[in-house]
Amino acid sequence: MDKIWMQGARFLIIDDQAYNISLLERILSRAGFSNLHCTTDPRQLEVLYEEIKPDIILLDLHMPDVDGFAALKLLRERVEEGHFLPILVLTADVTQEAKKEALHLGAHDFLTKPLDKTEVVLRIKNLLKTRFYHLQLQDQNQLLELRVQERTVKLEQAKLEILQLLGRTSEFRDDQTGQHTQRVGQMAKEIASSLGLSDHEASLIERATPLHDLGKLGIPDDILLKPGRFSPEEFEQMKTHTTIGASILEGSQFPDLQLAHTIALTHHEKWDGTGYPNGLSGEEIPLAGRIVALADFYDALTHERPYKRAWSAEEALTEIQKQRGYHFDPQVVDAFMHIVRKESYSI
């Protein structure tokens with residue numbers, strides 16, 4: 001045990017008899033304790049406790065105005081749960097009833113008057129050792145908790161990086177900049193926030209969205225990179241990227257990947273029921289899928305691909321307005337247009 005800590009331990013001694021306090025001061029000083037705070041007025045307990053923050057309290061049981069039982073009740077309210085503050089009761093009352101009541105109210109040990117100096121020092125040292133080891137354990141627990149938090153943050157960062165890299169992998173074959181997935185994720189988050197979703201929900205959509213086209217990994221290059229229009233057979237095969245992506249992402253226990261599964265499966269569904277793969281309509285389509293459908297559509301239109309030129313922002317916005325209530329959820333369109341009108345947002 002740290003001897004310096006022991007000698008510097010903060011004492012609060014409360015006894016209405018000045019003689020008893022004087023005796024305790026002599027005994028404790030000779031034992032090497034110097035940080036002693038004493039009072040004969042138990043009404044000062046609350047103020048002194050807050051000022052001193054004692055490591056141990058020596059408390060007389062029978063005092064005028066505020067007796068030891070009332071003082072123990074007050075201390076029980078002040079001491080934080082889980083903290084060990086030793087309270088040593090000083091009393092000439094050795095009845096079982098008094099001891100049981102004091103222990104029930106938070107006392108840890110007793111010194112019977114008249115005081116024996118050897119017993120005083122031994123009992124106090126034992127209680128202070130327990131206090132010291134308890135504080136050490138608290139420090140270790142706090143350190144462990146901090147390390148767990150740091151590891152959790154690192155794991156979360158690693159998970160986000162993996163999600164981003166996996167999303168970029170799905171786009172690399174037809175968007176070598178790898179930025180489409182990130183742009184769509186950011187835009188989806190903005191739309192979600194504009195719709196009134198919480199920061200947590202909007203951020204979850206942003207993290208999950210980059211995997212919306214993961215199923216493109218299962219589409220042959222001669223279809224994925226084909227310039228011009230698809231034949232009906234090629235388009236049917238291209239549409240399977242939704243179910244392929246959903247199959248890859250199916251069964252995860254993580255919210256990010258569960259939402260990514262939903263988005264991958266539903267981001268080509270249309271409000272009027274003419275989308276794919278399941279022909280869902282209206283609010284049958286999960287909100288995240290409706291949001292990503294618009295964000296993906298706008299970004300795909302305004303960026304060049306092997307099979308198309310890039311549209312201007314004005315052309316894309318005009319088309320989105322035309323598709324309000326057909327391809328897209330009207331509320332999602334309105335939220336998107338609200339974002340576009342904000343001067344602080346650059347589309």
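The following paragraphs describe the nonpolar cores, the strand S4 and the surroundings of Thr-302 in a predicted model. Residues are numbered from 1 along each chain as its sequence is written, and side-chain values use heavy atoms, with hydrogens and water left out. In this predicted model, local features need pLDDT of at least 70 and side-chain atom pairs count only at pLDDT 80 or more, whereas totals for chains, interfaces and linings use all residues.

The largest nonpolar core (buried Ala, Val, Leu, Ile, Met, Phe, Trp, Tyr and Cys residues joined through side-chain atoms within 4.5 Å; buried meaning under 20% relative accessible area with a 1.4 Å probe, protein chains only) comprises 38 residues, of which Ile-191, Ile-205, Leu-294, Ile-320 and Phe-336 touch the most other members. Helices H7, H8, H12, H13, H14 and H15 (DSSP runs of H or I, at least four residues, numbered from the N terminus) each supply at least two residues of this core, and H13 provides the largest share, 9 residues. Beyond its neighbours within four places in sequence, Ile-191 is in contact (heavy atoms within 4.5 Å) with residues including Ile-291, Leu-294 and Phe-336.

Strand S4 (residues 87–91; a DSSP run of E, at least two residues) is largely enclosed by the rest of the structure, because 5 of its 5 residues are buried. Ile-87, Val-89 and Thr-91 cover one side, and Leu-88 and Leu-90 the other. S4 runs parallel to S3, to which 4 bridges join it (pairing requires at least two DSSP bridges), and 4 bridges likewise join S4 to the parallel strand S5.

Thr-302, in the loop between H13 and H14, counts as buried at 15% relative accessibility.

Technical notes
Buried < 20%, exposed > 50% of the residue type's maximum accessible area, 1.4 Å probe, protein only.
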